[in-house]
Amino acid sequence: MPKTYDTLIIGAGIAGASVAYALTQKNKKVLVLDKNGIASGGSGAAGAFVSPKIGKGGMLQSLTNEAFVYAQDFYLSVCPQYFHQTGVLRLPKDETDVQQFDQYEKYNENAYEKYTKEMLQSLGIHTAFDGFYFPEAGDCDAKAVCAFLLEGIEVIQVEVAGLKQEEDGYWRVGDYRAKNVVLATGFESNLAELRYMGIKGTWGTRGDFVSDLALGVSMHQSMSVGANVGGIIKLGATHEKEVKESVPCQEKQALGLKEKASMLIDVADLELKEVFCGMRAGSKDYFPLVGKVIDVSRMLESAPAIVRGATAPLYYRENLYVCNGLGGRGFVFAPLMAKWLAEHIVEGKKVDTRVCADRLFFKWCRKSPELLALR
Ligand SMILES: Cc1cc2nc3c(=O)[nH]c(=O)nc-3n(C[C@H](O)[C@H](O)[C@H](O)COP(=O)(O)OP(=O)(O)OC[C@H]3O[C@@H](n4cnc5c(N)ncnc54)[C@H](O)[C@@H]3O)c2cc1C
């Protein structure tokens, strides 16, 4: 007899772990399946900084900052031992950036202070420019947070090769069945037709360095430098779009980060302890992807004119959901996105339109080269 759950969650990164946590808080029985174990994808590689977005306002910035406020409260109340509220500095990289920062300032929605270059230099930071200091920001112990959220929840290591829906509507994966499935598979999105969401991976590396440097604050410039927490300084960057599949982590990438960090801090005593690397999954428009999955073949069959610009009422895959596209801010977005998805699944609450994956569907039908033959 297959074992039955309310929800199967595929992927045990920060997205899957947060959704599992949120559903369990609502007394739902969930099973999490991951081919390589907890936080084995992008989430395990993340520097996991949780800081606000700066910029010239707009919907993505306000959503990110709403998620940031939720995330820091969440980590502080749920797992304060794995969230270090070190404060995060945002530093301009050059003169042009300084002018941008001047424009950004009025859009800083979260508590911040302006740190002059003299203040920054007194903290041991090599910079010729003033920056913003966000005292509520910090960073998570990436793997430990995912593992903590999954404590008491069944997690099994298995690669899900396909999804099958039985006659009674239940989803079946091997020996397990459930009413709902949540796909939280990061950049690998081949278990259902999700092409309309435009999920793409960006490769990144993090190096953890042993150090005695008295660095009490984290910072972002063109890379991220973590405060010294327990004798470890994390250096990270996620920028390479040309890497298409996971490849072994390279020490030389981490040492390259150290060299780059020397522009910001004194790296003389930094000794590489461990290298992490992975892919983060982003959407086409940088907003997260949360909610139901559209039944693409049924849509194309019932309303073929959608490939030429028509719209039509949407059909969905029954009880199939996604939580993905968290981009370079998985640890910022995941708690709030998981809350919204759990409220949607359990209470039928509408998913916030800013993150509902439907937003990309008709444009993909109209523009995607993948559907050219149907036009
Ligand atoms: C170097 C680096 C630094 C980063 N720094 C930060 C940062 O400072 N702050 C921040 O907020 N974010 C950061 N990120 C981004 C963050 O890591 C991502 O947003 C986050 O990992 C997304 O989580 P996820 O759960 O969606 O995906 P993932 O963590 O990639 O999880 C997907 C999981 O699905 C599993 N899976 C896939 N297919 C299957 C299948 N068929 N069967 C079973 N399991 C499957 C994989 O094994 C994987 O464990 C960084 C990322 C990188 C790479």
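Mentor: Domain bounds are those of an automatic or database domain assignment. The structure under discussion is a predicted model.

Trainee: Into which domains is the chain divided?

Mentor: The predicted chain holds ten helices and 19 strands. The assignment divides the chain into domain 1, with the segments 3-42 + 144-199 + 284-374, and domain 2, with residues 203-277. The names asked for are thus domain 1 and domain 2.

Trainee: What distance separates the centres of domain 1 and domain 2?

Mentor: The C-alpha trace of the chain spans about 65 × 45 × 35 Å along its principal axes. The centres of the two domains, taken over C-alpha atoms, are separated by 31 Å.

Trainee: What radius of gyration does the chain have, set against a compact globule?

Mentor: For 375 residues, a compact globule would have a radius of gyration near 21 Å. The value for this chain agrees with that expectation, as it is 21 Å.

Trainee: Which strand pairs with β1 over seven bridges?

Mentor: Strand β1 covers residues 3-10. Four bridges join β1 to the parallel strand β2, residues 30-34, and there Ile 9 stands opposite Val 32. The seven bridges, also in the parallel sense, lead to residues 176-183, where Leu 183 is the bridge partner of Ile 10. The strand asked for is β12.

Trainee: Which strands stand at the edges of the open sheet of three strands?

Mentor: The order in this sheet is β3-β8-β4, and the pairing is antiparallel. Each edge strand has a single partner strand, so one side of each lacks a neighbour in the sheet. The strands at the edges are β3 (49-50) and β4 (83-84).

Trainee: In β8, which residue is the bridge partner of Phe 49?

Mentor: Strand β8 comprises residues 138-140 and pairs with β3 in the antiparallel sense over two bridges. The bridge partner of Phe 49 in β8 is Asp 139.

Trainee: Which strands stand at the edges of the sheet of eight strands?

Mentor: This open sheet has mixed pairing and the order β6-β7-β5-β14-β15-β16-β13-β17. A strand at either edge has a single partner strand, so one of its sides is left without a neighbour in the sheet. The edge strands are β6 (113-115) and β17 (271-282).

Trainee: Which residue of β14 stands opposite Arg 90?

Mentor: Strand β5 (residues 88-90) and strand β14 (residues 218-220) pair in the parallel sense over three bridges. Opposite Arg 90 in β14 stands His 220.

Trainee: At what angle does helix α7 run to β13?

Mentor: Helix α7, residues 251-261, lies across β13 (200-210), β15 (224-225), β16 (232-240) and β17. The angle of α7 to β13 is about 70°.

Trainee: How are α3 and α9 oriented to each other, and how many residues of their contact are nonpolar?

Mentor: The axes of helix α3 (residues 59-78) and helix α9 (residues 330-347) come within 8 Å and cross at roughly 80°. Angles of 65 to 115 degrees count as roughly perpendicular, and α3 and α9 are therefore roughly perpendicular to each other. The contact includes Phe 68 and Phe 74 of α3 and Phe 331 and Leu 336 of α9. Its residues comprise no charged, one polar and, as the number asked for, ten nonpolar.

Terms used. Residues numbered from 1 in each chain as written. Predicted model: local features only at pLDDT ≥ 70, side-chain atom pairs only at ≥ 80, totals over all residues. Pairing = 2+ DSSP bridges. Axes fitted to C-alpha atoms, helices over the stretch in contact; angles between N-to-C directions. Parallel < 35°, antiparallel > 145°, perpendicular 65-115°, else oblique. Contact = placed C-beta atoms within 7 Å. Nonpolar A, V, L, I, M, F, W, Y, C, P; charged D, E, K, R; others polar. Rg over C-alpha atoms; globule rule 2.2 N^0.38 Å.
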